Amino acid sequence: MAGFSTDESLISALLDGSDAGFVYAVKQYQPGMRQLAISICGEAISDEVVQEAWFSAIRSLSRFEGRSSLKTWLLRIVANEAKSRLRRENRLTSLEALTQDDENFVNRFDERGHWSIYPSDWHVSSPDELISSEQLQQCLNTLIAALPDLQSATLQLKEHQNYSLHEICNILEVSESNVRVLLHRARQRLYRCIEHFQATGECCTT
């Protein structure tokens, strides 16, 4: 597998129909592709979305221009396929709806995304201790799954896969300002969930 250490070598192998190259590509990229698909369209059709994305990628590989990494290109295909599936099912929420202000949080962050009003103090020795709570983790997982499609995808790409804002723009094909707003809204929901859990011990996903 050492021969596939660069995008160029892997692409060359895939274009030549190399089984070893395809196996390597699937092992290397499929987990992230599936996570992104789940975050946009849910688990039920995520495998179908990823499969269709692979078909599209292989068909289009000869036209890949290398203006982004192969991984970013594959994720963009996944995102487009997932959004297309949602449009066909009339379940794609408009970007305007996803980015509208949450009145409960509109003044809690400044224009740079920093806190203007800090969250309430946690009654534990550290935030890490609170996050490690199994009940809270289950609650957060439920909340993330319930986030609007593009909010969930943006949070997944930024916090779980450590993509830059510029890379997320390329993958989701939205502007950087919209990526910032989507991430901002998703984080607001998470903080509100944590605060509610800390205060009541109950999960709040609304």
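Where is the place of Asn162? In this predicted model, Asn162 is located in the loop between helix 8 and helix 9. The residue is exposed, with a relative accessible area of 64%. Its backbone is also notable, since Asn162 is not a glycine and yet has a positive phi of about 60°. Most residues other than glycine have a negative phi. A positive phi, near 60°, is likewise found in Glu173, another residue other than glycine. Glu173 belongs to the loop between helix 9 and helix 10.

The overall fold was considered next. The secondary structure of the chain consists of ten helices and zero strands, and the order of elements from the N terminus on is therefore α-α-α-α-α-α-α-α-α-α. The chain has 206 residues, of which 42% count as buried. When contacts between residues at least 6 apart in sequence are taken, 62% of them join residues at least 24 apart.

The interior was then examined. In soluble globular proteins, nonpolar side chains tend to be buried together. The largest nonpolar core here holds 52 residues, and the members that touch the most others are Met33, Leu36 and Leu172. At least two residues of this core come from each of helix 1 (7-15), helix 2 (19-41), helix 3, helix 4, helix 7, helix 8 (149-160), helix 9 (165-172) and helix 10. Helix 4 makes the greatest contribution to this core, supplying nine residues. With residues up to four places away in sequence not counted, Leu172 touches Ile40, Ala79, Lys83, Leu150, Ala153, Thr154 and Leu157.

A search for enclosed space gave one cavity of 30 Å³ or more. The volume of the largest cavity is about 40 Å³. Its lining is made up of Leu14, Trp54, Ala57, Ile58, Leu61, Leu70, Trp73 and Leu74. Two elements, helix 3 (46-60) and helix 4 (70-88), give two or more residues to this lining. By residue class, the lining of the largest cavity comprises eight nonpolar, no polar and no charged residues.

Leu15 was also examined. This residue lies in helix 1 and is partly exposed, with a relative accessible area of 47%. The C-alpha atom of Leu15 is separated by 8.0 Å from that of Ile58, although the two residues are 43 residues apart along the chain. Ile58 is itself one of the residues lining the largest cavity. Apart from neighbours within four places in sequence, Leu15 is in contact with Leu61 and Ser62, and Leu61 is also among the lining residues of that cavity.

Cysteine pairing was assessed separately. A disulfide is a covalent bond between the sulfur atoms of two cysteines. The count in this model comes to one disulfide, which joins Cys139 to Cys203 with an S to S distance of 1.9 Å. The torsion about the S-S bond of this pair is about 85°, so the disulfide is right-handed. Cys139 lies in helix 7 (residues 134-146) and Cys203 in the segment after helix 10 (176-200), so the bond ties together parts that are 64 residues apart in sequence. The two partners fall into separate accessibility classes: Cys139 is buried, with a relative accessible area of 3%, whereas Cys203 is partly exposed, at 41%.

Cys193 is in no disulfide, and its nearest cysteine sulfur, that of Cys139, is 3.3 Å away. Because a disulfide requires sulfur atoms within 2.5 Å, this distance does not qualify. Cys193 counts as buried, at 1% relative accessibility. Cys41 also counts as buried, with a relative accessibility of 9%.

The surroundings of Lys158 lead back to the loop considered at the outset. Lys158 is found in helix 8 and counts as partly exposed, at 25% relative accessibility. Between the C-alpha atoms of Lys158 and Ile168, which are ten residues apart along the chain, the separation is 7.6 Å. Residues up to four places away in sequence being left out, Lys158 touches Tyr163, Ile168, Leu183 and Arg187.

How values were computed. Residues numbered from 1 in each chain as written. Predicted model: local features only at pLDDT ≥ 70, side-chain atom pairs only at ≥ 80, totals over all residues. Heavy atoms only, no water. Helix = DSSP H or I, 4+ residues; strand = E, 2+ residues; numbered from the N terminus. Buried < 20%, exposed > 50% of the residue type's maximum accessible area, 1.4 Å probe, protein only. 1 Å grid on protein atoms, 1.4 Å probe; cavity = no way out; pocket = protein on both sides within 12 Å on 5 of 7 lines; lining within 4 Å. Points joined across faces, edges and corners; volume = space filled by probe spheres on them. Nonpolar A, V, L, I, M, F, W, Y, C, P; charged D, E, K, R; others polar. Core = buried A, V, L, I, M, F, W, Y, C linked by side-chain atoms within 4.5 Å. Contact = heavy atoms within 4.5 Å.
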